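This report describes the packing, the helices and a few single residues of one protein chain. The sequence and the structure come next.

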Amino acid sequence: MVSYIIKRFLMMIATIFIIATLTFALMHSIPGSPFDSDKTSNPVIQQNLEKFYHLDDPLPVQYVSYLKAIVTFDFGPSIKKPNETVNSLLERGFPISLELGMITIIVACISGIILGTLAALRHNGLIDYFAMAIAVIGISIPNFILATVLIQVFAGQLGWLPAATWSSPKHMILPTLALATGPMAIIARLTRSSMLEVLTQDYIKMAKAKGLKPWRIVFRHALRNAMMPVVTIMGTMLASILTGTFVIEKIFAIPGMGKYFVESINNRDYPVIMGTTVFYSAFLVFMLFIVDIVYGLLDPRIKLHKKEGETS
């Protein structure tokens, strides 16, 4: 188990390093300067600003400083907001984005597992058709289109829910629904197909022959094994949800990291772009690392000891 965790941890560090290097290379491959669009600045002022932000240093020097900033978690000041640091923007915006993402994951997992399980238990029945119809709709409609429809119906026409900001539980409902529908549909389809396969296994038939209660067979024996495909995709799904919050945050005027990230791209604010990209990448890679560990703990067929190579 320890060797497995160490290997995954080293892979995580290497992945973060590669992402950080690619981010640095891509940002500096773009021609021009963040100050080129500033019409009030003359060339002398631009040179002074580039010197102040060390943008005139050789690329190897900037790269070393960039890696040092990542290790020390100090991304420096924002170019377009001199009174703000990248760290302060992360501290202010990321908790809101994380809250939206976590609520979305919880809603998507619970609703998707329930729909998929009911569809499998009522295979080829009305509930099955209804659940899969919802899943098809959820997969087919992009979240930004669904968001505009939800705003139009529930905020505009009916007036039941607020259309923007993030200040109360009511404000959380529409963005959560817009972001959770797609992942919920994927989880429902995976759970259904996995449950249908598990329910045909011999140990399930044996449990039924022993006279165990149906709910006990489903929750204690079938559902745990049926969750393996869902756990497998949780890492990539988490990545899609947290990066998808940027679009939803913009639509619903949520003051999360999406606001600052979009502004930094438009303003070519190098420290904010690179700091946000590396921070989110590190967070998502870490979550994939956690998913790998959880997957190994849930599946007894995965060998997590030093003799792994010998038994394979």
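## Cores and packing

The largest nonpolar core has 63 residues, and those with the most contacts inside it are Met195, Met234, Phe252, Met257 and Tyr280. A nonpolar core here is a set of buried Ala, Val, Leu, Ile, Met, Phe, Trp, Tyr and Cys residues joined through side-chain atoms within 4.5 Å. Buried means under 20% relative accessible area, exposed means over 50%, and partly exposed lies in between (1.4 Å probe, protein chains only). Helix α4 (residues 86-121) gives the most to this core, with 12 residues. At least three core residues come from each of domain 1 (1-80 + 267-312) and domain 2 (88-256); the domain bounds are taken from an automatic or database domain assignment.

The model is predicted: local features need pLDDT of at least 70 and side-chain atom pairs count only at pLDDT 80 or more, while totals for chains, interfaces and linings use all residues. Residues are numbered from 1 along each chain as its sequence is written, and side-chain values use heavy atoms, with hydrogens and water left out.

Leaving aside neighbours within four places in sequence, Phe252 is in contact (heavy atoms within 4.5 Å) with Ala147, Ile151, Ala163, Ala164, Thr165, Leu174, Pro175 and Ala178. A second, separate core of 10 residues includes Tyr63, Tyr66, Ile79 and Ile273. In soluble globular proteins, nonpolar side chains tend to be buried together.

## Overall make-up

The chain has 13 helices and 0 strands. Helices (H or I, at least four residues) and strands (E, at least two) are DSSP runs, numbered from the N terminus. Of the 312 residues of the chain, 40% count as buried. Among contacts in the chain with a separation of 6 or more, 74% are between residues 24 or more positions apart.

## Helices α1 and α4

The expected span of a helix is 1.5 Å times one less than its number of residues. Helix α1 (residues 2-29) has 28 residues and reaches 41 Å from its first C-alpha to its last, close to the 40 Å expected. Its buried residues include Tyr4, Met12, Ile16 and Phe24. For α4, the 36 residues should span 52 Å, and the end C-alpha atoms are 50 Å apart, which agrees.

Helix α4 bends by about 35 degrees at Gly93, and a proline, Pro95, follows within four residues. The bend at a residue is the angle between axes fitted to the seven residues ending there and the seven starting there. Asn87 is also found in α4. With a relative accessible area of 13%, Asn87 is buried. Apart from neighbours within four places in sequence, Asn87 is in contact with Phe73, Asp74 and Phe75.

## Aromatic pairs

The structure holds 13 aromatic pairs. Rings of Phe, Tyr and Trp (its six-membered ring) pair if their centres lie within 6.5 Å; planes under 30 degrees apart count as stacked, over 60 as edge-to-face and the rest as tilted. The rings of Phe94 and Phe279 have centres 4.7 Å apart and planes at 90 degrees, so this pair is edge-to-face. Phe94 lies in helix α4 and Phe279 in helix α12 (residues 270-298), so the pair ties together parts that are 185 residues apart in sequence. Phe94 is buried, at 10% relative accessible area, and Phe279 is buried as well, at 17%. One aromatic cluster is formed by Phe73, Phe75, Phe94, Phe246, Phe261, Phe279, Tyr280 and Phe283.

## Loop residues with positive phi

Most residues other than glycine have a negative phi, and most peptide bonds are trans. Two residues that are not glycine have a positive phi here.

| Residue | Phi | Loop | Relative accessibility |
|---|---|---|---|
| Phe73 | about 55 degrees | between α3 (59-72) and α4 | 39%, partly exposed |
| Thr165 | about 70 degrees | between α6 (143-157) and α7 | 35%, partly exposed |

## Arg189

Arg189 is placed in helix α7 (residues 169-198). Its relative accessible area is 39%, so Arg189 is partly exposed. Arg189 and Leu115 are 74 residues apart in sequence and 8.5 Å apart in space, C-alpha to C-alpha. Leaving aside neighbours within four places in sequence, Arg189 is in contact with Met132, Ala135, Val136 and Ile139.
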